[in-house]
Amino acid sequence: MILEAIQYAATSVVTPKPFRPYIRSSVNLWARAGRCARDWTPHEAHCQDFIRETVLGMRERRTAVVLGSGLLRDVPTAFLSRTFDTVVLVDLVHLASVRLWLSAKRFGNVRLISRDLSGLDAARAGLEVEPLGFLRQVPYLDLVISANILSQIGVGATRRLEAETSGDAAAIVPKLIAAHLDGLAALPCTVALLTDTRYTVSDRAGTVLEEADLLHGIAAPPAARSWSWPVAPFGEDSRAHQIMHEVIAFRR
Ligand SMILES: C[S@@+](CC[C@H](N)C(=O)[O-])C[C@H]1O[C@@H](n2cnc3c(N)ncnc32)[C@H](O)[C@@H]1O
């Protein structure tokens with residue numbers, strides 16, 4: 001709890017004001033990732049391996065952009081920094097501990113951007129939803145990695161719409177998910193998509209108690225690889241239940 005409070009306070013100081021409301025959720029993710037580190041290692045290794053393999057197949061390696069860079073657990077940051085001229089990390093929040101680690105490593109070519117990648121504000125205003133349109137301004141863009149952010153766009157937008165009672169989540173959230181996938185599909189560079197697509201809650205006998213489509217009915221592109229990620233192993237949210245997410249990796 002004390003470490004979380006320090007992380008929260010230190011991150012508030014370095015986070016632009018509009019993004020401060022999201023710090024709590026990043027700190028919660030950081031705390032959960034610490035508690036579940038052993039169970040999350042295979043998932044993180046699969047993600048990092050997939051990104052490395054994607055890069056090794058590329059000829060030009062000028063600028064790489066990571067969408068949903070967050071805690072940098074499933075992103076091989078040192079490898080990307082070594083391999084590309086410039087690496088741009090985009091997320092609502094980059095925690096103070098992540099910023100400290102990046103400075104300690106002296107990754108001089110790594111830039112951080114705070115940005116809402118959901119497109120929710122445009123969707124609510126009835127405007128065209130083009131959350132990845134800003135990538136057109138990035139010079140020498142050779143790689144975009146969507147790093148386990150897609151399902152979280154849906155989770156965050158649903159939470160905001162419900163809290164603010166300001167829109168029909170069932171209609172808006174699928175549009176946001178589709179807009180992210182359409183944005184990736186339109187990019188004129190290499191793309192790696194890592195995303196969880198569904199989850200199941202099950203008990204110790206293996207009985208599935210609940211399951212849901214994290215992409216809200218929008219079809220993901222065909223998986224080059226897939227695996228399970230125990231987001232909440234037994235004992236994390238409950239001694240009796242575990243929450244398992246299905247993850248896919250796609251490249252183009
Ligand atoms: C499951 S985490 C992915 C973690 C990260 N790839 C890593 O290596 O640790 C999802 C990330 O998406 C970010 N995120 C969620 N909604 C977002 C949004 N609308 N715009 C930008 N980032 C968002 C969260 O802040 C979080 O860091």
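Start by selecting H216: with 19 C-beta neighbours inside 10 Å, this histidine counts as partly exposed, because burial would need 20 or more. Keep in mind as you go that this is a predicted model. H216 sits in the loop between β6 and β7, the latter being residues 225–232.

Now show what surrounds this residue. Leaving aside its neighbours within four places in sequence, H216 is in contact with G154, V173, P174 and I177. For a distance to draw in your viewer, pick the C-alpha atoms of H216 and A157: they are 59 residues apart along the chain and separated by 12 Å.

**Next stop: the β5–β6 hairpin**

Step back to the strand before that loop, β6, and select residues 208–213. How many buried residues are there among its 6 residues? The count is 0, so β6 is hardly covered.

Add β5, residues 190–203, to the selection. The two strands run antiparallel, and 5 bridges join β5 to β6. To see one pairing up close, select Y199 and look across to A212, its bridge partner in β6.

Then go to the turn. β5 and β6 form a hairpin with 4 residues between them, and G206 in this turn has a positive phi of about 90°. Is G206 buried or exposed? G206 counts as exposed, because 7 C-beta neighbours lie inside 10 Å. Another line to draw runs from G206 to D39: their C-alpha atoms are separated by 18 Å, with the two positions 167 residues apart along the chain.

**The ligand and its shell**

Centre the view on the ligand and bring up the 22 residues around it. Which of them come nearest? Colour G68, G70, L71, S118 and A147 to pick out the nearest ones. Turning to the elements, α2 (23–35) and α7 (150–164) are those that give two or more residues to the shell around the ligand. Of these, α7 gives the most, with 3 residues.

Try colouring the shell by residue class as well. You should find 10 nonpolar, 8 polar and 4 charged residues around the ligand.

**Two helices that cross**

Next, select helix α1 (residues 2–14) together with helix α5 (residues 96–105). Their axes come within 8 Å and cross at roughly 70°. That makes α1 roughly perpendicular to α5, because angles of 65 to 115 degrees fall in that class.

Show the side chains where the two helices meet. From α1, display Q7, A10, T11 and V14; from α5, display A96, S97 and R99, which they meet. By class, this contact has 3 nonpolar, 3 polar and 1 charged residues.

**Last stop: two positive phi angles outside glycine**

Follow the chain out of α5 and select R106, in the loop between α5 and β3 (110–114). R106 is not a glycine, yet its phi is positive, at about 55°. With 8 other C-beta atoms within 10 Å, R106 is exposed.

Finish at Y140, in the loop between α6 (120–124) and β4 (141–147). What is the phi of Y140? The value is near 55°, positive in a residue other than glycine. Y140 is exposed, with 12 other C-beta atoms within 10 Å; a residue counts as exposed at 12 or fewer.

Note on methods: Residues numbered from 1 in each chain as written. Predicted model: local features only at pLDDT ≥ 70, side-chain atom pairs only at ≥ 80, totals over all residues. Axes fitted to C-alpha atoms, helices over the stretch in contact; angles between N-to-C directions. Parallel < 35°, antiparallel > 145°, perpendicular 65-115°, else oblique. Contact = placed C-beta atoms within 7 Å. Nonpolar A, V, L, I, M, F, W, Y, C, P; charged D, E, K, R; others polar. Pairing = 2+ DSSP bridges. Near = placed C-beta within 6 Å.
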